[in-house]
Amino acid sequence: MNAIQAIIEKASKLDGTVVLPEGMDPRVITAACACVSRRICTPIVLGTAAEIAAAEIAAGLRLADKGIKTIDYTLGDPELAQAYFEAWNAKEARKPVEKQKMIDLAAAEKTIKTKRIYFGGMMVRLGRVDGLVAGSIASTGDMLRAAFHTLGTQKGVKTASSCFLLDLKRPTPSGDSVLAFGDCAVIPDPTAEQLVDIGLATAETYKSLTGYEPRVAYLSYSTKGSAAGPLVEKVQKAVELARPQFAARGIKVDGEMQFDAALVPSVGELKNPHGEIQGTANVFIFPDLQAGNIGYKIAQRLGEAVAIGPNLQGLAKAMNDLSRGCSAEDIVGTICVTLLQSAAKK
C-alpha cells in the first residue's frame, strides 16, 4: 500500500502553491513546515499574528524559520473583495429576479475580512495559489458553502461531490491496488443526473491522482435488471445518460450492477455476460450517500484499506476538506491531492 506516497512524490514535482486558512491550528503549522522541509510545495498560511503565534508555540515550530508567508485575512484585500462582489452578483443575476440576493461591495469586503475560507477561496479563484486545504477546524458545511460561493463548479458540471481513494492491502481479483468510491461525503440522495456528474468527476479524480485509466461501475442491488424498483431505475437512468459522455472521453462505464459483479471477474462474466465491465471496475459509483459512506468504511475497517479523502471534486478549481480528527501528515497528504487535482484542471 503506497498510493499516498506516490501522490506525494508526484505533487512534489509540480512546484505548486497552496493556501492553508486555518493558521490557528498547530497541525496546520506542522504540515506547512513539513511541506517546505520535504520540498513538496510552497504553503501560505492565513491567520492573525496572535493566532499564528499561539499555534507556533503549541507546534514547537516557527513559520518564519522556514520562510513561510503568512497573511492576516482580517485586514481584508480590495482585489479579493471586488472579485467576490462581481462573482456573487453574476451568479445571482442568472436566477429569476424574485430569487436574486444581490450584495454590495461593503458586504463583500466584510465577508473577505471575516471568513478565512472565503479569503483563501478567492485567492484560488484569482490564481494566486493552486489550491486550498482546510477543515481541520471548519465544518464540512462551512467548507462546501465557501467552495460553492468562491469557486463554483467546473464547466459542464452542475454537481460538486466527493470521492475516497482506497489503497488496498491486497489487489483486487483483476489486479488493481487502488480504487475510487464516490460519492461518500456530499450529496445524500443524488438524482440520476447528479450521478452522471459524480461518475465523471470521480473518474477524473482517479486518473489525476493515480495515473491509471478509470473503469467505472454504477452500483445497485440489481445487475442488468435482475431486480426492479425506483432505486434500480434511478441507476439505470444514470447509466443511460452517462454512456455518451463517458464514450466521448474514452472511459469505460457499465451498470447497473452489484458490487461483486463489478469487482470479481468470474462473477461479472456470469451475471453480466454482455457487459463492458465484467468484474474489472476500479471506480465505483454508489447510488446514494448512505451506501457510499458505509461502503468505504467497511473497506477501511474490515478490509484494512487506507482511505484517502474525502476529495472534493467537480469544482472549478482545487479545494479540499479535512477531517477534524486529521493529523499533520494527513494534511500534507491532502495538500498533495489538491495540487494534483489543480494540475489536472490546467
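Colleague: At about what angle does α7 run to β11, given that α7 lies across β4 and β11?
Modeller: This is a predicted model with residues numbered from 1 along each chain as its sequence is written. Helices (H or I, at least four residues) and strands (E, at least two) are DSSP runs, numbered from the N terminus. Axes are lines fitted to C-alpha atoms, for helices over the stretch in contact, and angles run from 0 to 180 degrees between N-to-C directions. On that scale, α7 crosses β4 (131-134) and β11, and its angle to β11 is about 170°.

Colleague: And which strands does helix α13 touch as it packs on the sheet?
Modeller: Helix α13 covers residues 328-345, and its direction makes about 155° with that of β11. Contact here means heavy atoms within 4.5 Å. The strands that α13 touches are β1, β4 and β11.

Colleague: In what order do the five strands of the open sheet come, and which two stand at the edges?
Modeller: Two strands pair if DSSP finds at least two bridges between them, and the pairing in this sheet is parallel. The order is β3-β2-β1-β4-β11. Each edge strand has a single partner, so one side of it is left without a neighbour in the sheet: these are β3 (69-71) and β11 (318-321).

Colleague: By how much are neighbouring strands of this sheet turned against each other on average?
Modeller: The value ignores strand direction. The average turn is 25°.

Colleague: Which residue of β2 is the bridge partner of Leu20?
Modeller: Strand β1 (residues 17-20) and strand β2 (residues 42-46) pair in the parallel sense over four bridges. Within that pairing, Leu20 is bridged to Val45.

Colleague: Let's turn to the six-stranded sheet. Which are its edge strands?
Modeller: The order is β8-β7-β9-β6-β5-β10 in an open sheet of mixed pairing. The edge strands pair on one side only, and they are β8 (252-257) and β10.

Colleague: What is the average twist from one strand to the next?
Modeller: Here, too, I take the sheet with the order β8-β7-β9-β6-β5-β10. Its twist averages 20°.

Colleague: How many residues of β5 are buried?
Modeller: Buried means under 20% relative accessible area, exposed over 50%, partly exposed in between (1.4 Å probe, protein chains only). In a regular strand the side chains alternate between the two faces of the sheet. Ser161, Cys163, Leu165 and Asp167 are buried on one side of β5, and Ser162, Phe164 and Leu166 on the other. For strand β5 (residues 161-167), the count is seven of seven.

Colleague: Which residue of β6 is the bridge partner of Asp167?
Modeller: β5 has an antiparallel pairing with strand β10 (residues 306-313) over six bridges, where Ser162 stands opposite Leu312. Five bridges join β5 to strand β6 (residues 178-182), again antiparallel. In β6, the partner of Asp167 is Val178.

Colleague: Is Lys234 buried or exposed?
Modeller: Lys234 lies in helix α9 (residues 230-249), a helix that lies across β7 and β8 and runs at about 170° to β8. Its relative accessibility is 15%, so Lys234 counts as buried.

Colleague: Which side chain makes a polar contact with the side chain of Lys234?
Modeller: Local features need pLDDT of at least 70, side-chain atom pairs count only at pLDDT 80 or more, totals for chains, interfaces and linings use all residues, and side-chain values use heavy atoms, with hydrogens and water left out. A polar contact is a pair of N or O atoms within 3.5 Å; within protein, one must be able to donate a hydrogen and the other to accept it, and residues adjacent in sequence count only if both atoms are side-chain atoms. The Lys234 side chain also reaches the backbone oxygen of Pro190 at 2.9 Å. The side-chain partner, at 3.0 Å, is Asp189.

Colleague: How many disulfides does the structure hold?
Modeller: A disulfide is a pair of cysteine sulfur atoms within 2.5 Å. The number held is zero.

Colleague: How far is the nearest cysteine sulfur from that of Cys41?
Modeller: Cys41 is in no disulfide, and the nearest cysteine sulfur belongs to Cys35. The distance is 4.0 Å.

Colleague: Which cysteine has the sulfur closest to that of Cys184?
Modeller: Cys184 is buried, with a relative accessible area of 1%. The closest cysteine sulfur is 7.6 Å away, too far for a bond, and is in Cys163.
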